[in-house]
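Please walk me through this structure, with attention to how its charged side chains pair and to what lies at its surface and in its interior.

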Amino acid sequence: MSAMEWAVLAGGIAAIAWVNWYFFLSKREGAEAGVGGVQEVEVVVKGGYSPSQVRVRRGVPVRLVFDRQESSGGSEEVVIAGLGVRRRLPAFERTVVEFTPREAGTYEFTGGTGTLRGRIVVE
């Protein structure tokens, strides 16, 4: 193999390793119980959701604060289908979404077009 082929191979392996780390091994945000026992997490919306995975406890009220820092069309709303939530996210504003998860499980949240994805893990 030539030096160029080795470089391409090494780059591919590095990219695969990064993707696996990002999606499977990186630390995800857990909710902290705050005032009144509400679990609150801020989710920044800018080209995606950060954090993209949120862990909360079952039976305890949750407050997700979506901080939309862009005007991209794919992020104008958030949909949490499994919890019956659909909320507009005005550009460059913070929007609060509150709910109390009754069942343990994983609930996906997406942008209105489905291009942005995240998840809520209820334990």
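In this predicted model, Glu40, Arg63 and Glu98 are joined to one another in a network of salt bridges. One link of that network is the salt bridge between the side chains of Glu40 and Arg63, with an N to O distance of 3.0 Å. Because Glu40 belongs to strand E3 (residues 39–45) and Arg63 to strand E6 (residues 62–68), this pair ties together parts that are 23 residues apart in sequence. The other partner of Arg63 in the network is Glu98, and here the closest N and O atoms are 2.7 Å apart. Since Glu98 lies in strand E9 and Arg63 in strand E6, the pair ties together parts that are 35 residues apart in sequence.

The accessibility of the network's members can be taken one by one. Arg63 has a relative accessibility of 23% and therefore counts as partly exposed, its value standing above the 20% under which a residue is called buried. Glu40, at 37%, counts as partly exposed, and Glu98, at 47%, is likewise assigned to the partly exposed class.

In general, side chains of opposite charge can pair when their charged atoms come close. The count of salt bridges in the model comes to five, and one of them is formed by Arg55 and Glu123, whose closest N and O atoms are 2.8 Å apart. This pair links distant parts of the chain, with Arg55 in strand E5 (residues 53–56) and Glu123 in the segment after strand E11 (117–122), 68 residues apart. Arg55 counts as partly exposed at 34% relative accessibility, whereas Glu123 is exposed, with a relative accessible area of 52%.

Strand E9, which spans residues 94–99, also holds Thr95. Is Thr95 buried or exposed? With a relative accessible area of 11%, Thr95 is buried, because the class takes in residues under 20%. Leaving aside residues up to four places away in sequence, Thr95 touches Leu64, Val65 and Phe66, and it also touches Arg87, Arg88, Leu89 and Pro90.

Turning from this residue to the surface, the reader will find a nonpolar patch of about 460 Å² that is made by Met1, Trp6, Leu9 and Ile13. Ile13 has its place in helix H1, which covers residues 3–25. At 52% relative accessibility, Ile13 counts as exposed, since the exposed class begins over 50%.

Note on methods: Residues are numbered from 1 along each chain as its sequence is written. This is a predicted model: local features need pLDDT of at least 70, side-chain atom pairs count only at pLDDT 80 or more; totals for chains, interfaces and linings use all residues. Side-chain values use heavy atoms; hydrogens and water are left out. Helices (H or I, at least four residues) and strands (E, at least two) are DSSP runs, numbered from the N terminus. Buried means under 20% relative accessible area, exposed over 50%, partly exposed in between (1.4 Å probe, protein chains only). Contact means heavy atoms within 4.5 Å. Patches are made of residues with over 30% relative accessible area and no salt bridge: like charges are joined within 9 Å, nonpolar side chains (Val, Leu, Ile, Met, Phe, Trp, Tyr) within 5 Å. Accessible areas come from the Shrake-Rupley method with a 1.4 Å probe; for residues, only the protein chains shown count as cover. A salt bridge is a side-chain nitrogen of Lys or Arg within 4 Å of a carboxyl oxygen of Asp or Glu.
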